Amino acid sequence: MQPMLEVSNLHKNFGGVKAIDDLSFSVEPGEICAIIGPNGSGKTTSINLITGVLEPDSGDIKLKGTSLKGVPRHKRARLGITRTFQNLRLFNTLSVLDHVMAGRFCRSDASFMSYSLLTKAARTENAANVARSIELLELVGLKGKEHLAAASLPYGQRRQLEIARALATDPCLLLLDEPAAGMSSGEINDLIDLIFRIQAMGITVVFIEHRMPVVMTAADKIVVLNYGRNIAQGNAEEIQANTQVIEAYLGSAYKRELN
Ligand code: ADP
Ligand code: MG
């Protein structure tokens with residue numbers, strides 16, 4: 001079987017900074033992969049390269065065996081690559097439901113014209129999109145909050161809304177940049193649960209995270225970055241026993257978690 005995602009010998013410099021330095025890793029279909037590492041180790045840059053926000057200086061990224069070289073970000077979204085952001089990007093005055101509906105738009109078949117004229121096809125598709133959006137809100141734990149303004153939600157729920165919006169694009173590969181940031185421990189348990197439910201939908205999940213309970217519980221595979229390089233990869237047990245990882249990162253991450 002082809003890997004869902006294959007990153008090979010990727011390089012990205014910003015001026016003199018080697019943000020990504022010969023990074024290689026792959027993620028199998030249906031796998032949950034965590035990317036961890038100290039601040040500035042290139043985690044967000046790797047997501048920016050996979051989604052096409054940035055082009056690499058060299059190296060390649062393949063989705064299901066096909067190179068994404070030169071494929072613009074909107075086309076990557078159509079191919080099923082979707083992400084959430086480290087810093088929330090919501091439109092605060094829009095309703096919760098409208099956010100998820102906006103996510104569905106990238107899959108819309110009806111043209112802008114037919115939407116404007118409210119043709120039967122557009123109305124049917126719109127009804128299906130509303131139903132699917134409500135299903136996704138239920139999945140992430142926001143049932144009954146469809147008509148609230150996004151701004152009125154507590155922080156943890158706004159993060160869940162971002163995930164619902166990402167799921168609305170029907171991704172095959174979902175990339176989450178620090179989904180547990182700012183979440184309470186109760187919200188973290190819900191998030192772990194949600195990641196497993198997303199996996200059960202057949203979606204491959206790659207997430208960046210500092211909160212070790214999420215990483216160690218949810219990830220099948222953990223990729224550890226340091227200075228833009230992959231210094232280790234393996235399952236939770238292997239990573240927790242890796243002295244290089246403990247020195248570079250885990251020692252301090254665990255201390256933070258305990259505090
Ligand atoms: P992480 O997400 O692991 O904290 P980043 O991928 O955001 O790290 O950053 C990796 C390195 O690249 C850092 O040194 C950061 O300052 C630098 N960097 C990231 N994005 C840019 C950019 N757009 N311009 C210049 N430097 C950047
Ligand atoms: Mg980051």
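Helix 3 buries Val-96, Leu-97, His-99, Val-100, Met-101, Gly-103 and Arg-104 in this predicted model. That makes seven of its nine residues, so helix 3 is largely enclosed by the rest of the structure. Below is a quick run through what packs around helix 3, then the magnesium site, Asp-177, the nonpolar cores and a spot in strand 10.

**Helix 3 and its partners**
- The buried residues of helix 3 pack against two other helices, namely helix 5 and helix 6 (155-167).
- How do helix 3 and helix 5 cross? The axes of helix 3 (residues 96-104) and helix 5 (residues 120-140) come within 9 Å, at a crossing angle of roughly 115°.
- The crossing is right-handed.
- On the helix 3 side, the contact uses Val-96, Leu-97, Val-100, Met-101 and Arg-104. Helix 5 answers with Asn-126, Asn-129, Val-130, Arg-132, Ser-133, Ile-134, Leu-136 and Leu-137.
- Sorted by class, this contact has eight nonpolar, three polar and two charged residues.

**Magnesium site and helix 1**
- Which atoms coordinate the magnesium ion (ligand 2)? They are OG1 of Thr-44 and OE1 of Gln-86, at 2.1 to 2.4 Å.
- Thr-44 sits in helix 1 (residues 43-51), while Gln-86 belongs to the loop between strand 6 (81-83) and helix 3, so the pair ties together parts that are 42 residues apart in sequence.
- Both ligating residues fall in the middle band for exposure: Thr-44 is partly exposed, with a relative accessible area of 26%, and Gln-86 is partly exposed at 31%.
- Around Thr-44, eight of the nine residues of helix 1 are buried, so this helix is largely enclosed by the rest of the structure.
- The buried set in helix 1 is Lys-43, Thr-45, Ser-46, Ile-47, Asn-48, Leu-49, Ile-50 and Thr-51.
- Just past the end of helix 1, Gly-52 has a positive phi of about 90°.

**Asp-177**
- Asp-177 is part of strand 7 (residues 173-177), and it is buried, with a relative accessible area of 0%.
- Setting aside neighbours within four places in sequence, Asp-177 is in contact with both magnesium-coordinating residues, Thr-44 and Gln-86.
- Its other contacts beyond that sequence window are Ile-47, Arg-83, Thr-84, Phe-85, Arg-159 and Ile-208.
- Leu-49 of helix 1 is 128 residues away from Asp-177 in sequence, yet their C-alpha atoms are 13 Å apart in space.

**Nonpolar cores**
- The largest nonpolar core has 48 residues, and those touching the most other members are Ile-36, Leu-161, Leu-167, Ile-195, Phe-207, Ile-222 and Ile-239.
- Which helix gives the most to this core? Helix 7 (residues 185-200) does, with six residues.
- Take Leu-167: not counting residues up to four places away in sequence, it touches Leu-136, Leu-139, Val-140, Leu-174, Ile-198 and Ile-203.
- Another core of 25 residues lies apart from the largest one, and its members include Leu-23, Ile-50, Cys-172 and Leu-225.
- As background, nonpolar side chains tend to be buried together in soluble globular proteins.

**Strand 10**
- Ile-231 is found in strand 10 (residues 229-234).
- From Ile-231 to Val-245 is 14 residues in sequence and 7.4 Å in space, C-alpha to C-alpha.
- Val-245 is also among the contacts of Ile-231, together with Val-224, Asn-226, Gln-244 and Ala-248, once neighbours within four places in sequence are left aside.

Notes:
Residues are numbered from 1 along each chain as its sequence is written. Chains are lettered from A and ligands numbered from 1 in the order in which they are written. This is a predicted model: local features need pLDDT of at least 70, side-chain atom pairs count only at pLDDT 80 or more; totals for chains, interfaces and linings use all residues. Side-chain values use heavy atoms; hydrogens and water are left out. Axes are lines fitted to C-alpha atoms, for helices over the stretch in contact, and angles run from 0 to 180 degrees between N-to-C directions. Helices (H or I, at least four residues) and strands (E, at least two) are DSSP runs, numbered from the N terminus. A crossing is left-handed if the near helix is turned anticlockwise from the far one by less than a right angle, and right-handed if clockwise. Contact means heavy atoms within 4.5 Å. Ala, Val, Leu, Ile, Met, Phe, Trp, Tyr, Cys and Pro count as nonpolar, Asp, Glu, Lys and Arg as charged, and the others, Gly among them, as polar. Donors are N, O and S atoms within 2.8 Å of the metal (3.2 Å for Na, K and Ca); water is not among the atoms, so sites may look incomplete. Buried means under 20% relative accessible area, exposed over 50%, partly exposed in between (1.4 Å probe, protein chains only). A nonpolar core is a set of buried Ala, Val, Leu, Ile, Met, Phe, Trp, Tyr and Cys residues joined through side-chain atoms within 4.5 Å.
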